[in-house]
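User: Please take a close look at the salt bridges in this structure, and then place them in the wider setting of strands, domains and surface. I would like one connected account that I can follow with the model open beside me.

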Amino acid sequence: MAEHPAYPVGLRLSGRRVVVLGGGQVAQRRLPALIAAGADIVLVSPHATPSVEAMADAGEITWVRRAYQDGDLAEAWYALIATSDPGANAAASAEGERHRVWCVRSDDADQATAWTPATGHSEGVTVAVLTTHARGRDPRHTAAIRDAVVEGLRDGTLVAPHHRTRTPGVALVGGGPGDPDLITVRGRRLLAEADVVIADRLGPRDLLAELPPHVEVIDAAKIPYGRYMAQEAINNALLEHAKQGKAVVRLKGGDPFVFGRGMEEVQALAEAGIPCTVVPGISSSISVPGVAGIPVTHRGVAHEFTVVSGHVAPDDERSLVDWPSLAKLTGTLVILMGVDKIGKIAETLVAHGKSPGTPVALVQEGTTAAQRRVDATLATVADTVRTEDVKPPAVIVVGEVVRVGPQTPA
Ligand SMILES: C[S@@+](CC[C@H](N)C(=O)[O-])C[C@H]1O[C@@H](n2cnc3c(N)ncnc32)[C@H](O)[C@@H]1O
């Protein structure tokens, strides 16, 4: 007899009895989706993995601690048969057939009356991928197709042509430290949906090259500001494009709220009644040291890290940083925008009690092809910056964590 293809369907299991036989890895993988579907789950198994046990402890499933017995499927709408005993699996399958309960079999897809598709979710859509026939069933293949579809939907590279879901208003997107792979999935999707992108000098410039030609890309640094402050001119540009009904992405380096003036833009938009979505980004303050082999905290070495702006010198009256107090901290100091003033900063830290031998690392253009790390101490850093010609953008890390990683130069 010819093998017919499977018929795909979405089960609405809320409040309905689902019986799971076997508390091993298969149950552990499948239970979360059944719980999310609101099913009334009864697990029958003498043993369970610690994660499955935790679901029972949390009251998400009812655990009957014994082996399968005939009659266990009588009240079920749906069953997952996944014990390590092939005889019990076959007996349960036969019972399912008798009671007309759709049964998934982890050990024998041929004998199953239902198959679990590879599933994923994106923006209100569930993607479920099944092979057509039991023969040649390869779960890795269906999972790979699922991943490709879900990823495409999430990052906006796969869009239903008649249903382009442009988000109106402005999205303030943290683009991460520079490597185009380090933007969030949401940020990437919003970029793909944008009509206008206003971008900073820092951040994932490579992503801009991928945008389709109709997208207007504006370099924030080049917006003429005439009688306005530069920031005001950027705010005005955001407002102007958003008021034209365009989907605008304001792409910023790192996270929008870490020395990014993000809230000033949110406020300006709010005052004009324009909706704004904030998408957090990976801040250079943590990620750039990390990719250069420096953890900002390390057990037994640093229990805190402080992120400081070094854009004005410690003796500058505009400085809001309490450098003498920072000199007393035992943890890690991460300084952004500090290359120009690092000499003065190091001097101040030492003057207020930090050891001149405290290790310092400067990581320039982290996560990009031009990344470079230069090591020094508080005593030598001013000279090192000069002799090594360290240039912004760089993240400067001060503290013992600089020496804990395997990449520390000898
Ligand atoms: C105006 S701040 C913006 C920080 C950003 N919002 C963030 O969360 O990473 C700019 C500073 O961030 C640091 N920075 C940003 N990206 C960097 C990178 N790829 N490598 C090194 N430093 C970086 C530098 O200290 C630079 O001067």
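Analyst: In this predicted model, the side chains of K222 and D219 meet in a salt bridge, with 3.8 Å from N to O. K222 is exposed, its relative accessible area being 66%, whereas D219 is partly exposed at 22% relative accessibility. The limit that matters for D219 is 20%, because a residue counts as buried under that value of relative accessible area. This pair is part of a wider set, since the structure holds 19 salt bridges.

A second pair to inspect is D200 with K252, a salt bridge in which the closest N and O atoms are 3.9 Å apart. D200 lies in the loop between β9 (196-199) and α6 (205-209), while K252 belongs to strand β11 (residues 247-252), so the pair ties together parts that are 52 residues apart in sequence. The two partners also differ in burial class, for D200 is partly exposed with a relative accessible area of 21%, and K252 counts as buried at 3% relative accessibility. Neither residue should be viewed in isolation, as D200, R250, K252 and E265 are linked in a network of salt bridges.

A third pair is formed by D107 and R105, whose closest N and O atoms are 2.7 Å apart in their salt bridge. Here D107 is partly exposed, with a relative accessible area of 39%, and R105 counts as buried at 9% relative accessibility.

The position of R105 leads on to a sheet, as strand β5 covers residues 102-105. The sheet is open and has five strands in the order β3-β2-β1-β4-β5, with parallel pairing. Both β3 (62-64) and β5 stand at the edges with a single partner strand each, so one side of each is left without a neighbour in the sheet. On average, neighbouring strands of this sheet are turned by 20° against each other, direction being ignored.

The partner of β5 is strand β4 (residues 78-81), and the two pair in the parallel sense over four bridges. To locate this pairing in the model, one can look for L80, which stands opposite V104 in β5. Further into the strand order, β1 and strand β2 (residues 40-44) pair in the parallel sense over five bridges, and in that pairing V19 stands opposite V42 in β2. Four of the five residues of strand β1 (residues 17-21) are buried, so β1 is largely enclosed by the rest of the structure.

As for the domains, the assignment for the protein gives domain 1 as 17-116, domain 2 as 169-279 and domain 3 as 285-403. By these bounds, D107 and R105 fall in domain 1, while the K222 and D219 pair and the network of D200, R250, K252 and E265 fall in domain 2. The centres of domain 1 and domain 2, taken over C-alpha atoms, are separated by 49 Å.

The surface also has a nonpolar part, a patch of about 470 Å² made by V258, F259, I286, F305, V307 and M337. Within this patch, F305 has its place in strand β13 (residues 305-309), and F305 is partly exposed, with a relative accessible area of 33%. Read against the domain bounds, V258 and F259 belong to domain 2, whereas I286, F305, V307 and M337 belong to domain 3.

Definitions and conventions. Residues numbered from 1 in each chain as written. Predicted model: local features only at pLDDT ≥ 70, side-chain atom pairs only at ≥ 80, totals over all residues. Heavy atoms only, no water. Pairing = 2+ DSSP bridges. Axes fitted to C-alpha atoms, helices over the stretch in contact; angles between N-to-C directions. Domains from an automatic or database assignment. Patch = residues over 30% accessible without salt bridge, like charges linked within 9 Å, V, L, I, M, F, W, Y side chains within 5 Å. Areas by Shrake-Rupley, 256 points an atom, 1.4 Å probe, with all protein chains shown as cover. Salt bridge = Lys/Arg side-chain N within 4 Å of Asp/Glu carboxyl O. Buried < 20%, exposed > 50% of the residue type's maximum accessible area, 1.4 Å probe, protein only.
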